[in-house]
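Colleague: I have not seen this structure before. Could you take me through it?

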Amino acid sequence: MSAAAERRTDASAAGAAPDAGLVAELEVERGGFRLDAAVAVGPDEVLAVLGPNGSGKSTLLAAIAGHVPVDRGEVRVGGRLLGGAGAGEVPLAARRIGLLGQQALLFPHLSALENVAFGPRAQGAGRRDARAEAAGWLERVGLAGFERRRPAELSGGQQQRVALARTLAARPAALLLDEPFAALDVEAAAGMRRLVREHRAALGIPMLLVTHDPLDALVLAGRAAILQAGRIVDEGPIARVLGHPRTPFIAALAGVDLVEGVALDAATVRSDGGLVLRAAEPAGLVTGAPASAVFAPGSVHVRAADAGAPAGGAAAAGEPSANHWSGTVASLEPTGGGVRIVTAEQPGVAVDVPTAAAVALDLEAGAALAFRIEPADVSVRPLG
Ligand SMILES: Nc1ncnc2c1ncn2[C@@H]1O[C@H](COP(=O)(O)OP(=O)(O)OP(=O)(O)O)[C@@H](O)[C@H]1O
């Protein structure tokens, strides 16, 4: 089995039979970059693909769609070989893998109707039938009456809806979306999100969604795979992947603090920076083994450090007590309804306080603060 296959995202874990959906195992070399990844998406499932810039998300989708050459691997939908190194003989149009990107990329010289009719025509439909089907799709995406307009006569949001209609009119067996909402304003993006959700559910086809927005993943997908430097480093139900991130990138995306260290006991993690975090429930940590703790920046209680008191509730022996720490303010950033505090002693840990608390604390750079978090607000896990 290839390294990619060993790391294949597991639709069966979500109750789906992977062979009935989209299964891709791919190795791609591209300008010094190497992608070695495998995904499995159930027949009626949405998998969100998240990852930092340059981690290979677009390359993964383009390789599945057959737009970049694949060194090794294959793409199957419903068990049919549709792409990959051995699929050279399957013409692109016959692969029936729909790819919708950030830009609509419509044919500029064709009307909206002719753009959408292109797929049915390429699949052998007669001119009249293809146009009737295209008109139906334009109506479904809310563009009845816009049939004769050229792309240049449509707004960006309307163009993207034509592109969605064009993709779906080609009756894809699988749908790949590469940040399709990124270039749209808030209202147009919300409309597109709703259309994608409705139509994908109606078609019952596997969908891969590349996004930078954790809300897109929450609203549209059931599972998420995290790509980093061309490899999938985490995969699972959205709630677990975002709720207890395994990488600093996802922790930042999900807006939580991730602290890595070693386990002191089954429920306690000590970071390299000396922070000791204990969860309310034992979580199967093995003493001395790598482990991580996660908490929301807003769940931390903050007070001014008592002059002359031991730092942050440290015990007499100098060992910090669990869930207490102290620090001096290194930076203060405004957040939605308050202030984000970062200390010089724990630069990787953000703490959020509401505006009223920030005012009461008289926050300023260099201020000495004491922090406390309830065990019930800490989640711990083994690392790796
Ligand atoms: N056409 C190309 N030719 C050569 N290398 C490319 C090409 N497109 C992308 N790459 C390289 O492949 C790597 C992965 O890029 P890719 O666009 O897949 O990442 P991404 O995760 O989608 O990034 P982003 O979030 O910025 O869109 C990058 O190192 C990039 O430089």
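Modeller: The following conversation goes through the domains, the core, the ligand shell and some strands. Please keep in mind that this is a predicted model.

Colleague: Which domains does the domain assignment give?

Modeller: The assignment gives domain 1, covering 3-243, and domain 2, covering 256-382. Taken over C-alpha atoms, the centres of domain 1 and domain 2 are 41 Å apart.

Colleague: How many residues are in the largest nonpolar core?

Modeller: The largest nonpolar core has 105 residues. A48, V49, V116, L176 and L209 have the most contacts inside this core. At least three of the core's residues come from each of domain 1 (3-243) and domain 2 (256-382). As a general point, nonpolar side chains in soluble globular proteins tend to be buried together.

Colleague: And L209, what is it in contact with?

Modeller: If neighbours within four places in sequence are left aside, L209 is in contact with V46, A48, V49, L177, D216, L220 and A221.

Colleague: Changing topic: which residues are around the ligand?

Modeller: The ligand is surrounded by R30, G31, F33, G51, N53, G54, S55, G56, K57, S58 and T59. By type, the shell divides into one nonpolar, eight polar and two charged residues.

Colleague: Which helix gives the most to that shell?

Modeller: That is helix α2, residues 57-65, which contributes three residues to the shell around the ligand.

Colleague: Now strand β19. Which of its side chains are buried?

Modeller: Strand β19 spans residues 368-372, and its side chains alternate. L369 and F371 point to one face and are buried, whereas A368, A370 and R372 point to the other face and are not buried. In a regular strand, side chains alternate between the two faces of the sheet.

Colleague: How many bridges join β15 to β19?

Modeller: Four bridges join strand β15 (residues 301-304) to β19, and these strands run antiparallel. A304 has L369 as its bridge partner in β19. Strand β16 (residues 324-334) also pairs with β19 in the antiparallel sense, over five bridges. There, S326 has A370 of β19 as its bridge partner.

Colleague: One last residue: where is E74 found?

Modeller: E74 is in strand β4, residues 72-77.

Colleague: Why is E74 classed as partly exposed?

Modeller: E74 is partly exposed because 16 other C-beta atoms lie within 10 Å, whereas a buried residue would need 20 or more.

Colleague: What does E74 touch?

Modeller: Not counting residues up to four places away in sequence, E74 touches E25, L81, G83, G84, A85, G86 and A87. E74 and G86 are twelve residues apart along the chain, and their C-alpha atoms are separated by 6.8 Å.

Terms used
Residues are numbered from 1 along each chain as its sequence is written. This is a predicted model: local features need pLDDT of at least 70, side-chain atom pairs count only at pLDDT 80 or more; totals for chains, interfaces and linings use all residues. A residue is near a molecule or strand if its C-beta atom, placed from the backbone, lies within 6 Å of it. Helices (H or I, at least four residues) and strands (E, at least two) are DSSP runs, numbered from the N terminus. Ala, Val, Leu, Ile, Met, Phe, Trp, Tyr, Cys and Pro count as nonpolar, Asp, Glu, Lys and Arg as charged, and the others, Gly among them, as polar. Domain bounds come from an automatic or database domain assignment. A nonpolar core is a set of buried Ala, Val, Leu, Ile, Met, Phe, Trp, Tyr and Cys residues joined through C-beta atoms within 7 Å. A residue is buried if 20 or more other C-beta atoms lie within 10 Å of its own, exposed if 12 or fewer, and partly exposed in between; C-beta atoms are placed from the backbone. Two residues are in contact if their C-beta atoms, placed from the backbone, lie within 7 Å. Two strands pair if DSSP finds at least two bridges between them.
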